[in-house]
Amino acid sequence: VGVAKGTDYELAPVEFLTKATFFLHGAPPTLAQIKEAMDGGLATAEGKDALIQELLDDPKVIDQMDLFHSMWMGYSELGGQSQNAADFRMESKALVGKVLQEGLPWSAVLTATQTFANPTLAKLYDLDDQTATGWKWRSYKGGLRQGLLSHGSFLSVGVKFGDTSTTRRGYNIQKAIFCGQSSRPPSTDENGVPINTDEPPPSN
């Protein structure tokens with residue numbers, strides 16, 4: 001794969017095209033795009049920039065990037081974990097779309113100070129203007145909430161024993177965002193008694 005450039009390799013035009021369309025649209029390139037690449041349309045940095053901009057301008061990119069973020073951060077299958085699952089997904093998709101459409105840096109996904117919410121989510125998050133109908137961008141209060149990690153979609157990740165798990169969410173952040181590794185939890189407690197993590201802790 002690729003064309004040798006000294007000790008490195010550079011993707012050939014059709015390889016670059018295929019990687020870009022699968023990543024941004026989740027689909028193979030069109031015949032017209034392939035022809036353009038084979039005719040030298042991607043031989044320069046300017047040609048590649050133009051291709052990426054063309055892909056970003058297509059509405060399909062929002063669906064694909066929403067899917068990418070949901071799978072990456074673990075909230076792609078909320079299912080019955082929350083009665084507000086559909087609203088949570090809409091909220092997170094809107095943020096990803098806003099970042100793409102406004103050309104914001106990707107970090108805005110994690111640092112946004114507003115969220116796209118309907119009255120149900122506004123009340124759940126205790127946002128301002130809870131009586132306003134419909135979906136709209138609303139500001140968080142107090143500066144303690146920001147971006148995707150404050151969305152109900154991510155906060156619903158790792159449900160176990162009927163409740164969410166801050167431990168599992170923290171593990172997701174460690175693994176997905178920081179690309180770190182965590183050691184396995186101990187198999188016994190301080191008295192040497194085996195720990196069964198598949199059962200809820202005993203109630204006192």
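## A tour starting at arginine 138

Select arginine 138 and show what surrounds it: apart from neighbours within four places in sequence, its contacts are Thr113, Gln114, Thr115, Ala117, Asn118, Pro119, Ala122, Leu127, Asp128, Asp129, Gln130 and Ala132. Keep in mind throughout that this is a predicted model.

**Stop 1: arginine 138 itself**

Colour by secondary structure. Arginine 138 sits in strand β4, which covers residues 136–139. Is this arginine buried or exposed? With a relative accessible area of 3%, arginine 138 is buried, because the cut-off for that class is under 20%. Now show the backbone of glycine 134. The arginine 138 side chain reaches the backbone oxygen of glycine 134 at 3.1 Å.

**Stop 2: lysine 141 and its two aspartates**

Move along the chain to lysine 141. This residue lies in the loop between β4 and α8. Show the side chains of aspartate 126 and aspartate 128 as well. Lysine 141 forms a salt bridge with aspartate 126, with 3.4 Å between the closest N and O atoms. That pair links distant parts of the chain: aspartate 126 belongs to the loop between α7 (119–125) and β4, 15 residues from lysine 141. Lysine 141 is partly exposed at 38% relative accessibility. Aspartate 126 is partly exposed too, at 43%.

Turn to the second partner. Aspartate 128 and lysine 141 meet through their side chains in a salt bridge, 3.8 Å from N to O. Aspartate 128 is in the loop between α7 and β4 and lysine 141 in the loop between β4 and α8, so this pair ties together parts that are 13 residues apart in sequence. Which residues end up in one network? Salt bridges with shared partners join Asp126, Asp128 and Lys141. Aspartate 128 has a relative accessible area of 45%, which makes it partly exposed. Aspartate 128 is also one of the contacts of arginine 138 from the opening selection.

**Stop 3: lysine 123 on α7**

Select lysine 123, a residue of helix α7. Its relative accessible area is 66%. Lysine 123 is therefore exposed, the cut-off being over 50%. Next, draw a distance from lysine 123 to histidine 25. Their C-alpha atoms are separated by 35 Å, and the two residues are 98 apart along the chain.

**Stop 4: aspartate 58 and lysine 60**

Select aspartate 58 and lysine 60. They form a salt bridge, and the closest N and O atoms are 2.9 Å apart. Check the surface at each end. Aspartate 58 is partly exposed, with a relative accessible area of 23%. Lysine 60 is partly exposed at 44%. How many salt bridges are there by this rule? The count comes to eight.

**Stop 5: helix α9**

Select residues 166–177, which make up helix α9. At 1.5 Å a residue, its 12 residues should span 16 Å. The C-alpha atoms at its ends are 16 Å apart, in agreement with that figure. Look down the axis. Arg169, Asn172 and Ala176 are the buried residues to highlight here. They fall within an arc of 55°, so they line one face of the helix. An α-helix has 3.6 residues a turn, so residues three or four places apart point the same way.

What covers that buried set? The cover includes α4 (60–73) and α8 (152–155). Rotate to the other side of α9, where Thr166 and Thr167 are exposed. Then step past the helix to cysteine 179, which follows α9 and has a positive phi, near 55°.

**Stop 6: the whole chain**

Zoom out and return to a cartoon. The chain has nine helices and four strands. From the N terminus, the order of elements is β-β-α-α-α-α-α-α-β-α-β-α-α. The radius of gyration is 22 Å, well over the 17 Å that the globule rule gives for 204 residues, so the chain is more spread out than a compact globule. Along the principal axes, the C-alpha atoms fill a box of roughly 70 × 55 × 30 Å.

Finish with two colourings. Colour by accessibility: 31% of the 204 residues count as buried. Then display contacts with a separation of 6 or more. Residues 24 or more positions apart account for 51% of them.

How values were computed:
Residues are numbered from 1 along each chain as its sequence is written. This is a predicted model: local features need pLDDT of at least 70, side-chain atom pairs count only at pLDDT 80 or more; totals for chains, interfaces and linings use all residues. Side-chain values use heavy atoms; hydrogens and water are left out. The expected span of a helix is 1.5 Å times one less than its number of residues. Buried means under 20% relative accessible area, exposed over 50%, partly exposed in between (1.4 Å probe, protein chains only). The arc is that of the directions from the helix axis to the C-beta atoms. Contact means heavy atoms within 4.5 Å. A polar contact is a pair of N or O atoms within 3.5 Å; within protein, one must be able to donate a hydrogen and the other to accept it, and residues adjacent in sequence count only if both atoms are side-chain atoms. A salt bridge is a side-chain nitrogen of Lys or Arg within 4 Å of a carboxyl oxygen of Asp or Glu. The radius of gyration is taken over C-alpha atoms; the globule rule is 2.2 Å times the number of residues to the power 0.38.
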